[in-house]
Amino acid sequence: MGLLDTITAALAASSSSTNRGDGRGESKGAYWCHDCEERLLDLDVEGDDPPACPACDEPMTFERSPGSTGCAC
Ligand SMILES: [Zn+2]
């Protein structure tokens with residue numbers, strides 16, 4: 001049973017590491033402050049709460065990466 005768990009974990013790890021290879025997981029988008037044009041990648045933000053802009057301290061807004069929606073218009 002332990003062996004099966006190990007194999008399953010190894011397969012899951014290898015199949016999920018085939019994205020761009022930056023080793024940081026997949027980014028879904030980024031947080032923006034449009035006033036300052038500050039940008040924080042979601043991978044750089046801990047948790048799901050929008051961070052405050054480092055320049056003006058206003059809450060930043062989340063925007064998905066283009067291409068992930070499948071809409072090219
Ligand atoms: Zn700002």
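Strand β1, which covers residues 29-33, is joined to β3 by four bridges, and the two run antiparallel. Strands here, like helices, are DSSP runs numbered from the N terminus: a strand is E over at least two residues, a helix is H or I over at least four. Two strands count as paired if DSSP finds at least two bridges between them. Along the β1-β3 pairing, Trp-32 sits opposite Thr-61 of β3, and Tyr-31 faces Phe-62 of β3. All of this comes from a predicted model, in which local features need pLDDT of at least 70, side-chain atom pairs count only at pLDDT 80 or more, and totals for chains, interfaces and linings use all residues. Residue numbers start from 1 along each chain as its sequence is written.

On to the other partner of β1. Four bridges also link β1 to β2, and this pair is antiparallel too. Cys-33 has Glu-38 in β2 as its bridge partner. Together β1 and β2 make a hairpin with four residues in between, and Glu-37 in that turn has a positive phi of about 60°.

Put together, the three strands give an open sheet ordered β2-β1-β3, with antiparallel pairing. The edges are taken by β2 (38-41) and β3 (61-64), each of which pairs on one side only. From one strand to the next, the twist averages 30°; the axes behind such angles are lines fitted to C-alpha atoms, for helices over the stretch in contact, and the angles run from 0 to 180 degrees between N-to-C directions. As a general point, strands of a sheet pair through backbone hydrogen bonds, either parallel or antiparallel.

What about the chain as a whole? It has one helix and three strands, following the pattern α-β-β-β along the sequence. Of its 73 residues, 5% count as buried. Buried means 20 or more other C-beta atoms within 10 Å of a residue's own, exposed means 12 or fewer, and partly exposed is in between, with C-beta atoms placed from the backbone. Among contacts with a separation of 6 or more, 29% involve residues 24 or more positions apart; a contact needs C-beta atoms, placed from the backbone, within 7 Å of each other.

Two residues are worth a visit. Thr-61, in strand β3, counts as exposed because it has 12 C-beta neighbours inside 10 Å. Leaving out residues up to four places away in sequence, Thr-61 touches Tyr-31, Trp-32 and Pro-50. Its C-alpha is 8.5 Å from that of Pro-51, with the two positions 10 residues apart in sequence numbering.

Ser-65 belongs to the segment after β3. With 13 other C-beta atoms within 10 Å, Ser-65 is partly exposed. It touches Ser-27, Lys-28 and Gly-29, again not counting residues up to four places away in sequence. Ser-65 and Gly-29 are 36 residues apart along the chain, yet their C-alpha atoms are separated by 4.3 Å.

Finally, confidence. The chain has a mean pLDDT of 81, and 73% of its residues reach 70 or more; pLDDT is the predictor's confidence in each residue, from 0 to 100. Among the elements, helix α1 (residues 2-16) has the lowest mean, 74, while β1 has the highest, 95. Where pLDDT is low, the predicted coordinates should not be read in detail.

Notes. Contact = placed C-beta atoms within 7 Å.
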